[in-house]
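Colleague: I should like to learn how to read a structural model in an orderly way. May we proceed feature by feature, from whole chains down to single residues?

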Amino acid sequence: MPVDVDAAVVTNRRLPGDYNVIAFDAAAIAGSARPGQFVMIKTSRGLDPLLRRPFSIFELLRDRNGVPTGISIFNKQVGAGTSMLAEIEPGARLQILGPLGRPFEPVGPPAAAWMIAGGVGLAPFVTLAEALAARRTRSRLFYGARRAEELHCIELFESLGVEIVLATEDGTRGAHGRITVPLEAALRERPLGEPVKLYVCGPTPMMRACGALSYTHGRACDVSLEQVMGCGLGGCYSCVVPARSRDGGPPHHTRTCIDGPVFDAQRVVWESVSAH
Amino acid sequence: MDLSLRIGHLTLANPLIAASGCFGYGVEYSDVVDLASLGGVAVKGLFLNEREGHAPPRIVETPSGMLNAIGLQGIGVHRFIAERLPELRQRHATVIVNICGTTLDEYVEVARILSDAEGVAALELNISCPNIKEGGITFGCSLPGTHAVVSAVRKVTTLPVIPKLTPNVTDVASFARAAEEAGADAVSLVNTFLAMAIDVHTRRPKLSNIVGGLSGPAIRPIAVRMVYECRRVVKIPIIGMGGIATSDDVLEFMIAGANAVQVGTMNFVDPFIWTKLMDGIRGYMDTHSLTRLQDVVGTVDTTARQTAWISS
């Protein structure tokens, strides 16, 4: 059940490439959050910007005894709201509504889990990696960005025992080019008898390509979609994507906020999803 | 304290109604709002059949407001009755069903079906959605059209009939009067203002539908003025709306002439707004020693502020 927390900013860690990680005191949200869920944040106290913005829960913050105390978000400046969040100082308070949305379902052994992240699409995978580690599922992170300085927070995954595969478009770190290149090679190499599930979040063309690769190689694939959202609760119908029903029926405009953000990649009618 | 009001034979416990199109089918909010605590829940507009609505992007933020062009995506009246109404009844919501039509016959058919369903409190007639080409607003933009839809629905239902008026006309008050003459039990106003936003770099409209409806605090003073104008020409209850964000905004609409209000856009911003509005209204009644909230309706004092000193 979502709650609205008047949350204090604990830290705002600025990172290269217009990224930052903001930690909030928000025990009531952290206590019930599941992997891949999101929150709606009011980035200002006033009417500009008016609407809240959706953010994946990046990290679940805990005290020394492991009790959840808050959450962090992985922010990239792209517009007015995210730019305000880039500048925010510790002590400031913002309204945070959550946790929201259909979570990832972490697979268990013997299946392995491969997380494929592009840019700010890294955001939902720390919580998933923790859930996978708790189930002792072998996991791998395929993480792509434009250049080396825009690959962030890899240590969070290393500390959970996640195998890391990197790619940059300018070749400054990891494979040269798109992350789907090493992903495709790994899919080719993997024996069919060894199950693996793909979890994808990133730019729409990347998610579409991963969905196609997973289909070709006969692997399950969930994507976490981001669309412009008005409310996060299913009230406004602005965040829809065309998606087939679970039983394979014809596509309908389906709300990302409550029927997603996690969808089976094969349900999504990719050619009709607005790219951003 | 008495916060109640009557619309036809229906009594609403308080004047706070969730606005159609901004609250899903109500059930989406049952985890965060006690639906029974609201004066009413106006559910998303329903046609006879399911509709997919417009392609995204469907909303865009504007200064103190937003444009939407959802295109009345909906599950149709039959699925609503089968799949959503039972939960609304179980939660004791006062259900106001917003009904749409591309033809007069469709309004009548949808109204007839809902009148036979258990648990519907009132019908709001959507003759004002700016985002669909056929039907709807073409009735709402013509005085004979408004009169025709209201009187046709009036003939087939005993439920309170509440046409929702568009502000995209020269004189909203004349439409309120046409609705009253046709037998409406109340009018609700305003629907959104037809508007447009353009990305200057791509030179493309920000909405896939090119144009959309403006809502939110940006439109509030215009909506208040329109409620004030309607109050002067009709006796039936008025449900006012347009960017209500605080209890003072609720009271502003009521003092202008609204008997009840709807809250839409600001419910997106704060889904917990309802208890805050209610607390604020009670506080106001305390401060002003009011026992009946309806006593503020239409009490705006327009007498001259001071003796005129400019001689003409």
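**Reading a two-chain model**

Modeller: In chain B, 70% of the contacts with a separation of 6 or more are between residues 24 or more positions apart. For chain A the corresponding share is 64%. Please bear in mind throughout that this is a predicted model.

Colleague: What is the secondary structure of chain B, and how many residues of its 312 count as buried, as a percentage?

Modeller: Chain B comes to 9 helices and 16 strands, and 55% of its 312 residues count as buried. Chain A has 6 helices and 16 strands, with buried residues making up 49% of its 276 residues.

Colleague: How does one read the radius of gyration of chain B against that of a compact globule?

Modeller: One sets the value for the chain beside the value expected from its number of residues. A compact globule of 312 residues would have a radius of gyration near 20 Å, and chain B, with 19 Å, agrees with this. The C-alpha trace of chain B spans about 60 × 50 × 40 Å along its principal axes. For 276 residues the expectation is near 19 Å, and the 18 Å of chain A agrees as well. The C-alpha trace of chain A spans about 50 × 40 × 35 Å along its principal axes.

Colleague: Into which domains is chain A divided?

Modeller: The division is into domain 1 (3-100) and domain 2 (112-226). The centres of these two domains of chain A, taken over C-alpha atoms, are separated by 24 Å. Their contact takes 14 residues from domain 1 of chain A and 13 residues from domain 2 of chain A. On the domain 1 side, β4 (53-56), β5 (59-62) and β6 (68-76) of chain A each supply at least two residues. By class, the residues on that side of domain 1 of chain A are 9 nonpolar, 3 polar and 2 charged.

Colleague: How many residues of chain B are in contact with chain A?

Modeller: The contact joins 28 residues of chain B to 25 residues of chain A. On the chain B side, β5 (59-62), β6 (65-68) and α8 (265-269) each supply at least two residues. That side of chain B has 15 nonpolar, 8 polar and 5 charged residues.

Colleague: How should one read a single helix, and why might its buried residues share a side?

Modeller: The general idea is that an α-helix has 3.6 residues a turn, so residues three or four places apart point the same way. Consider helix α2 (residues 104-115) of chain B. Its 12 residues, at 1.5 Å a residue, should span 16 Å, and the 17 Å between its end C-alpha atoms agrees. In α2(B), the residues B:Tyr107, B:Val110, B:Ala111 and B:Leu114 are buried. They lie on the same side of α2(B) because they cover an arc of only 100° around the axis. The buried residues of α2(B) pack against β4 (40-46), α1 (76-90), β7 (95-99), β8 (122-126) and α4 (143-156) of chain B.

Colleague: Is A:Val268 buried or exposed, and which residues does A:Val268 touch?

Modeller: Burial is read by counting neighbouring C-beta atoms, and 20 or more within 10 Å make a residue buried. A:Val268, in the segment after β16 of chain A, has 23 other C-beta atoms within 10 Å and is therefore buried. Not counting residues up to four places away in sequence, A:Val268 touches A:Gly211, A:Val223, A:Val241, A:Ala243, A:Phe263 and A:Val273. A:Val273 lies in the segment after β16 (262-264) of chain A and is buried too, with 22 other C-beta atoms within 10 Å. Leaving aside neighbours within four places in sequence, the contacts of A:Val273 are A:Thr204, A:Val241 and A:Val268.

Colleague: Where in chain A are the cis peptide bonds from A:Asp48 to A:Pro49 and between A:Gly260 and A:Pro261?

Modeller: For such bonds one reads the omega angle. The bond from A:Asp48 to A:Pro49 has omega near -5°, and A:Pro49 lies in the loop between β3 (38-41) and β4 of chain A. The bond joining A:Gly260 and A:Pro261 has omega of about 10°, and A:Pro261 lies in the loop between β15 (252-255) and β16 of chain A.

Colleague: What is the phi of A:Arg136, and what is that of B:Leu72?

Modeller: A:Arg136 has a positive phi of about 60° although it is not a glycine. A:Arg136 counts as exposed, with 9 C-beta neighbours inside 10 Å. B:Leu72, likewise not a glycine, has a positive phi of about 55°, but B:Leu72 is buried, with 22 other C-beta atoms within 10 Å.

Terms used:
Residues are numbered from 1 along each chain as its sequence is written. Chains are lettered from A and ligands numbered from 1 in the order in which they are written. This is a predicted model: local features need pLDDT of at least 70, side-chain atom pairs count only at pLDDT 80 or more; totals for chains, interfaces and linings use all residues. Helices (H or I, at least four residues) and strands (E, at least two) are DSSP runs, numbered from the N terminus. The expected span of a helix is 1.5 Å times one less than its number of residues. A residue is buried if 20 or more other C-beta atoms lie within 10 Å of its own, exposed if 12 or fewer, and partly exposed in between; C-beta atoms are placed from the backbone. The arc is that of the directions from the helix axis to the C-beta atoms. Two residues are in contact if their C-beta atoms, placed from the backbone, lie within 7 Å. Domain bounds come from an automatic or database domain assignment. Ala, Val, Leu, Ile, Met, Phe, Trp, Tyr, Cys and Pro count as nonpolar, Asp, Glu, Lys and Arg as charged, and the others, Gly among them, as polar. The radius of gyration is taken over C-alpha atoms; the globule rule is 2.2 Å times the number of residues to the power 0.38.
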